[in-house]
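User: I am new to this structure and should like to understand how its descriptive terms are justified. Please take my questions in turn and set each value against its criterion.

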Amino acid sequence: MNISIIGSGYVGLVTGACFAELGNKVICVDNDNKKIEDLKKGIIPIYEPGLKELVANNTKKKRLIFTSSIKDAVKESEVIFIAVGTPTLNNGEADLTGIENVARNIAINMTGYRLIVEKSTVPVETGEWVKHTILNYIKHKIKFDVASNPEFLREGSAINDFMHPDRIVIGVESKKARDKLVNLYKPLNASLVITNIKSAELIKHASNAYLATKISFINAISKICDKVDADVLEVAQGMGLDQRIGLSFLNAGAGYGGSCFPKDLDAFITISEKLGYNFELLKAVKNINEEQKNYVLKKIKDNLWILKDKTIGVLGLSFKPNTDDIRNASSLNIIKALGLEGARIRVYDPQAIQKAKEALQKDKPVVAGVKFCKDSYEVCRGSDCLLIATEWNEFKELDFVKVKKLLKRPLIIDGRNIYDPKMLKKLGFTYIGVGRGNG
Ligand code: UDX
């Protein structure tokens with residue numbers, strides 16, 4: 001099929017490359033000329049395992065091309081995915097300016113039937129607005145369909161998530177639209193959930209809100225565990241083996257971050273409010289998540305007392321492993337708070353140092369006290385404590401004898417619960433996890 005993806009950000013790029021890999025002819029569009037020129041040369045703006053190779057392979061086979069012209073893309077493609085950003089406005093609502101703009105441009109440039117598919121996470125009823133916008137700006141009497149096909153890709157495993165999805169949600173209003181999308185996804189042989197457009201839009205919001213709720217729930221439990229000397233890992237295991245609950249997304253830690261959960265939760269709370277429902281449960285989920293970052297900070301303070309002129313080693317900057325994305329990363333919140341208290345900070349991350357440097361640059365007083373290190377051991381050298389902020393695999397395999405020698409004080413604050421407390425205590429460390437019974 002000839003398809004276009006408007007918006008070559010994280011979702012657009014992964015979706016485009018994967019559809020090309022399945023044998024479609026894909027045009028990826030972006031209004032950032034520099035990004036398009038880079039992509040043509042094989043330079044990928046994000047780190048995502050396997051993406052560079054997938055883009056290179058499909059570009060070479062001429063199944064994947066990049067352009068900044070929506071006009072050309074709309075002319076060539078029967079199915080057009082909208083994957084532009086929907087950032088959060090000050091009032092918590094999603095900013096849909098990008099979606100509206102793309103819908104207008106599609107309408108103006110349509111030369112025949114087109115299926116326009118929302119891929120970005122959007123509030124319920126956005127499909128209706130896209131339809132109205134196209135009708136308002138269309139030049140001739142041309143037929144079209146609008147559909148919703150939300151993405152569930154996780155950063156760090158996005159290609160695998162695309163190729164092996166738990167389900168594919170398709171929100172449609174016509175048989176033609178349904179047949180086209182079913183056909184497009186046929187090679188994946190996945191379970192399809194076919195609904196109306198509004199249900200599909202809600203499935204995305206409800207899924208992310210539910211996953212965030214699961215994380216905040218276990219984080220709340222972690223606080224109780226600390227108080228009564230229980231271990232949250234054991235509690236999560238015992239709960240999660242109940243098939244009705246499930247083991248995933250029950251890892252307590254320094255809270256969730258990223259470009260999706262915080263933004264989508266804000267948007268869902270605001271949408272609900274607009275619809276006349278006060279979604280108090282989600283407000284609590286959000287508050288627990290904010291508190292959790294302070295909770296980890298408090299653990300450092302409880303052990304080091306005065307932070308001024310102390311050195312804190314921090315392992316991990318990205319909001320989760322296997323990505324260089326630092327958006328809403330708990331690590332950055334904690335680093336900023338430590339910096340404001342006058343602590344010196346030594347940090348290392350396998351992929352996210354550059355992006356963290358750029359983000360912290362705006363915070364002059366904090367960045368002055370941050371030393372970006374070349375590896376975990378350099379972080380440890382002379383630090384009063386070691387904080388694990390992101391659970392990269394390489395942090396799980398440290399040489400602890402060496403770590404102990406390098407640290408000024410053998411104190412580990414495990415903000416992601418990746419270590420075995422018994423093993424570390426045996427080696428002479430003071431180990432503080434999140435909900436491991438010693439908070
Ligand atoms: C999420 C959704 O999973 C995906 O379906 C959606 O399309 C986009 O948003 P992503 O943001 O890439 O994906 O990461 P995810 O793996 O879901 O983790 C989100 C955050 O939750 C991370 O900060 C992670 O560290 C945290 N998390 C996750 C926990 O703290 N505990 C857990 O048990 C799971």
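User: Where does Ala17 lie, and why does Ala17 count as buried?

Analyst: In this predicted model, Ala17 belongs to helix H1, which spans residues 10–21. The relative accessibility of Ala17 is 0%. Buried means under 20%, so Ala17 meets the criterion.

User: What does Ala17 touch, leaving out residues up to four places away in sequence?

Analyst: Ala17 touches Leu51, Leu54, Val55, Asn58 and Leu64. Contact means heavy atoms within 4.5 Å. A separate value concerns Thr59: the C-alpha atoms of Ala17 and Thr59 are separated by 8.9 Å, and the two residues are 42 apart along the chain.

User: Why is Lys336 called partly exposed?

Analyst: Lys336, found in helix H13 (residues 330–340), has a relative accessibility of 31%. Buried requires under 20% and exposed requires over 50%. The value for Lys336 falls in between, and therefore Lys336 is partly exposed.

User: Which residues of H13 are buried, and what does Lys336 touch?

Analyst: The buried residues of H13 are Ser330, Ser331, Leu332, Ile334, Ile335, Leu338 and Gly339. Lys336 touches Leu360, Asp363 and Val366, with residues up to four places away in sequence not counted. The C-alpha atoms of Lys336 and Lys204 are separated by 32 Å, with their positions 132 residues apart along the chain. Just after H13, Gly342 takes a positive phi of about 90°.

User: What makes Lys131 and Glu173 a salt bridge?

Analyst: The closest N and O atoms of Lys131 and Glu173 are 2.7 Å apart. A salt bridge requires a side-chain nitrogen of Lys or Arg within 4 Å of a carboxyl oxygen of Asp or Glu, so the pair qualifies. This pair links distant parts of the chain, 42 residues apart: Lys131 is in helix H6 (residues 126–137), whereas Glu173 is in the loop between strand S7 (168–171) and helix H8 (175–185). The structure holds 30 salt bridges.

User: Why are Lys131 and Glu173 called partly exposed?

Analyst: Lys131 has a relative accessibility of 23%, and Glu173 has a relative accessible area of 46%. Partly exposed covers what is neither under 20% nor over 50%, so the term applies to Lys131 and to Glu173.

User: How do you know that Lys371 and Glu378 form a salt bridge, and are Lys371 and Glu378 buried or partly exposed?

Analyst: The closest N and O atoms of Lys371 and Glu378 are 3.5 Å apart, and the criterion is within 4 Å. Lys371, at 38%, is partly exposed. Glu378, at 14%, is under the 20% limit and therefore counts as buried. Elsewhere, salt bridges that share partners join Glu128, Lys131 and Glu173 into one network.

User: What makes Lys263 and Asp264 a salt bridge?

Analyst: Their closest N and O atoms are 3.4 Å apart, and the limit is 4 Å. Both Lys263 and Asp264 are buried.

User: Why does Asn417 count as buried, and what does its side chain reach?

Analyst: Asn417 is found in the loop between strand S13 (411–414) and helix H19 (421–426). Its relative accessibility is 9%; buried means under 20%, so Asn417 is buried. The side chain of Asn417 reaches the backbone nitrogen of Val434 at 2.8 Å, and a polar contact is a pair of N or O atoms within 3.5 Å. Leaving aside neighbours within four places in sequence, Asn417 is in contact with several residues, including Val232, Tyr431 and Arg436.

User: Which residues come nearest to the ligand, and how is the surrounding shell made up?

Analyst: Of the 18 residues around the ligand, Glu155, Asn251, Gly257, Cys260 and Lys320 come nearest. The shell divides into nine nonpolar, three polar and six charged residues. Helix H9 (residues 197–228) gives the most to this shell, with three residues.

User: Which atoms lie 2.9 Å, 3.0 Å and 2.8 Å from an oxygen atom of the ligand?

Analyst: A backbone N or O atom of Asn251 lies at 2.9 Å, and a backbone N or O atom of Phe319 lies at 3.0 Å. For Lys320, an N or O atom in the side chain is at 2.8 Å. Taken alone the ligand exposes 660 Å², and the protein buries 94% of that.

Notes. Residues are numbered from 1 along each chain as its sequence is written. This is a predicted model: local features need pLDDT of at least 70, side-chain atom pairs count only at pLDDT 80 or more; totals for chains, interfaces and linings use all residues. Side-chain values use heavy atoms; hydrogens and water are left out. Helices (H or I, at least four residues) and strands (E, at least two) are DSSP runs, numbered from the N terminus. Buried means under 20% relative accessible area, exposed over 50%, partly exposed in between (1.4 Å probe, protein chains only). A polar contact is a pair of N or O atoms within 3.5 Å; within protein, one must be able to donate a hydrogen and the other to accept it, and residues adjacent in sequence count only if both atoms are side-chain atoms. A residue is near a molecule or strand if one of its heavy atoms lies within 4 Å of it. Accessible areas come from the Shrake-Rupley method with a 1.4 Å probe; for residues, only the protein chains shown count as cover. Ala, Val, Leu, Ile, Met, Phe, Trp, Tyr, Cys and Pro count as nonpolar, Asp, Glu, Lys and Arg as charged, and the others, Gly among them, as polar.
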